[in-house]
Every structure is written in C-alpha cells, then in structure tokens.
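Hi,

Here is the structure I promised to pass on. Please have a look at it first, and then read my notes below.

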Amino acid sequence: MSLHPTLQPYADAWTHSIDAISELVSPLVEGEWNRRTPCPGWSVRDVISHVIGLECEMLGDPRPIHTLPRDLYHVTNEQQRYMEMQVDVRRHHTAPEMTSELEYTVIRRNRQLRNESREPGAKIRGLYGRETALEDLMRNRAFDVWVHEQDLRTALGRPGNLDSPGAHIARDVLLEALPKIVAKDAGAPRSSAIVFDVHGPIEFLRTIRVDINGRGTLESSPALGPAAAFALDWETYFRLACGRVTPEAVADRIKAEGDPGLTGAILRHFAVTP
C-alpha cells in the first residue's frame, strides 16, 4: 500500500468497522431494516444510508438532488439537513438494494485507500464542501463508522467491538472535546480540576484542569481534591458523548462526586455529536 504511515491506523479502524457493519446487515430481512437505532430519528436503513452517502462523498460522487420532507422532527439545523439528504433519498430502498450498494461502495473505498498516496496534511474537499486535511477526514470516518456500528449493534441486539481499533480512535476524538465541555460549556470554576475515571473494555483516567483564565487542558495525571469526579463505564461514556442516551437515562451507571450544580452542568453538555 502507498498509504502514509500516519493514516494507516485510521484506514485499519475504518476497515474493521465497515466490515463489521456489512456482516451485521447482510443477513437482515426486510422488516429488520426498519428497527430504531439509538441515533435520533434513524432506523437501521437510515444509518446504512448515511454511511453509504458519506463514503460516496469521500469518493467524490456528486450529492443527490433531493427535497427533504418538512415533517422530519429530528432535522432542526443546516448540518442535520446536509446529513439527512443522503438518508432520505434511500428511505424506500429494499434490503437487497441497500446491501448491494453498501458492498459496491466499500469495494470502491477500499480501492481508493489502496491507491491513496497523498500526505496527511493534503487539503481535499470534505463534508459541507469545506477543504479539510486528509488525516482529519480519515480520522472522522473511522470515528463515524465505529459509532454507527455500535448504533446497529444496539438496534439488532448484537453487542461487540467495544475495544476495537475504532473504539480507541473514538476515545481519543471524544477526549479532545472534554476541555471545552468542562471549562467553557459547563463553566467549571477557574483553577479547578475535574476527574473522569472510565472502566470497562477501554479504561482511562483523565483530568481536565481549568486555569486562571478559564481554559481547560486534558491531562493523564490524577488530581488531588478535584472540584468534581465522575466514574462510569466506557459504553456509558461514549453513548453519552455521542448523544445516544440522556444523563437521566443512565444515572444509575454514573457515580458523580462534587458540587451537584457543576456535575449536572457537565453531564448536560456532554454530548459531542448530535
């Protein structure tokens, strides 16, 4: 392969998750494609449509010309409208149409990755028509397909891959968002520390330190006397961070210590993705 070594982990994680997705949906009968997933407003078919659509955009395919219905309650902003276009255009596709398009798209993307020789920093056209670094795009695709693999596993009752290569990339992506969540969105006190102790298939202990100027930084060292501390399992962590569950729905799986106003604010702002 000509792929740059920096990009290889993202390609490997994407391949692992996309193969798992294909394996999950290939035996489904028509009715199972309509099962609800934890992704707000989306069925199994919708999740697969989204995956197909964004991989087609990575291939440079033109976006569909399509008018969205006005009654999609889960579509409330332009970002969601952008994402919904690839989904709604496939809402009436049959199970064989879905699986064959997924298979064909994955074949094309695998070929593209085998021939990818650009540098990680190369700017290419990404989502929303923005120019984005190739590394960022590949990282986002690895993250996105792993999260949607988990959506499908939940909908189909097929848990697994909570510690796969994609899971480790998801951990890093979600942790990058923590300083802003804690310091800016939740308004943690200046000169304070917030600790997150996550256990399960993926384990980590991280501290968000808020400096005198109110800026948050992510550290791997523990903090003595933190303003707040959270202990929870990895599955609960990523489902919260990906907006798949509300803090109230998983309150029994979260141990929160510290000022209730602060812990409540952090959990309210915890979702990184819609």
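**Strand pairing around β3**

Strand β3 and strand β4 (residues 204–210) run antiparallel and are joined by 7 bridges. Please keep in mind that this is a predicted model. One pair to look for is I194, whose bridge partner in β4 is I208. The two strands make a hairpin with 4 residues between them, and G200 in the turn has a positive phi of about 120 degrees.

β3 also pairs with strand β6 (residues 228–233), this time in the parallel sense and over 6 bridges. There, V198 stands opposite L232. As for β3 itself, which spans residues 192–199, the strand is mostly covered, with 6 of its 8 residues buried.

**Helix α7**

How much of α7 is covered? Most of this helix is, since 7 of its 8 residues are buried. Those buried residues are W234, T236, Y237, F238, R239, L240 and A241. At the N-terminal end, D233 acts as the cap: one of its side-chain oxygens lies 3.2 Å from the backbone nitrogen of E235. Beyond the other end, just after α7, G243 takes a positive phi of about 70 degrees.

**Two cavities**

I also have the result of a cavity search over the whole structure, which finds 2 cavities of 30 Å³ or more.

The largest cavity holds about 40 Å³ of space. Its lining is made up of P38, V147, Q150, D151, T154, F238, R239 and R244. Two elements, α5 (134–156) and α7 (234–241), give two or more residues to this lining. Of the elements, α5 gives the most, with 4 residues. F238 and R239 are worth a second look here, as they line this cavity and are also among the buried residues of α7. Sorted by class, the lining has 3 nonpolar, 2 polar and 3 charged residues.

The second largest cavity holds about 30 Å³. Around this one you will find Y10, A11, W14, R109, L113, M138 and R141. Here α1 (8–25), α4 (95–114) and α5 each supply at least two lining residues, and the largest share, 3 residues, comes from α1. By class, this lining has 5 nonpolar and 2 charged residues, with no polar ones. If you are displaying both cavities, α5 is a handy landmark: this helix contributes to the lining of the largest cavity and also to that of the second largest.

**Cysteines**

How many disulfides are there? The count comes to 0. Why is C39 not bonded to C242? The closest cysteine sulfur to that of C39 is the one in C242, and at 9.5 Å it is too far for a bond, because a disulfide needs the two sulfurs within 2.5 Å. The view from C242 matches, with C39 holding its closest cysteine sulfur at 9.5 Å. Both cysteines are out of the way of the surface by the accessibility criterion: C39 counts as buried at 6% relative accessibility, and C242 is buried with a relative accessible area of 1%.

When you open the model, you could begin with the β3 and β4 hairpin, move on to α7 and its D233 cap, and then turn to the two cavities.

Best wishes

Note on methods. Residues are numbered from 1 along each chain as its sequence is written. This is a predicted model: local features need pLDDT of at least 70, side-chain atom pairs count only at pLDDT 80 or more; totals for chains, interfaces and linings use all residues. Side-chain values use heavy atoms; hydrogens and water are left out. On a 1 Å grid over the protein atoms alone, a cavity is a set of points where a 1.4 Å probe fits but cannot get out, and a pocket is an open set with protein on both sides within 12 Å along at least five of seven lines; lining residues have an atom within 4 Å of a point. Grid points are joined across faces, edges and corners, and a volume is the space filled by probe spheres set on the points. Ala, Val, Leu, Ile, Met, Phe, Trp, Tyr, Cys and Pro count as nonpolar, Asp, Glu, Lys and Arg as charged, and the others, Gly among them, as polar. Buried means under 20% relative accessible area, exposed over 50%, partly exposed in between (1.4 Å probe, protein chains only). A polar contact is a pair of N or O atoms within 3.5 Å; within protein, one must be able to donate a hydrogen and the other to accept it, and residues adjacent in sequence count only if both atoms are side-chain atoms. Two strands pair if DSSP finds at least two bridges between them.
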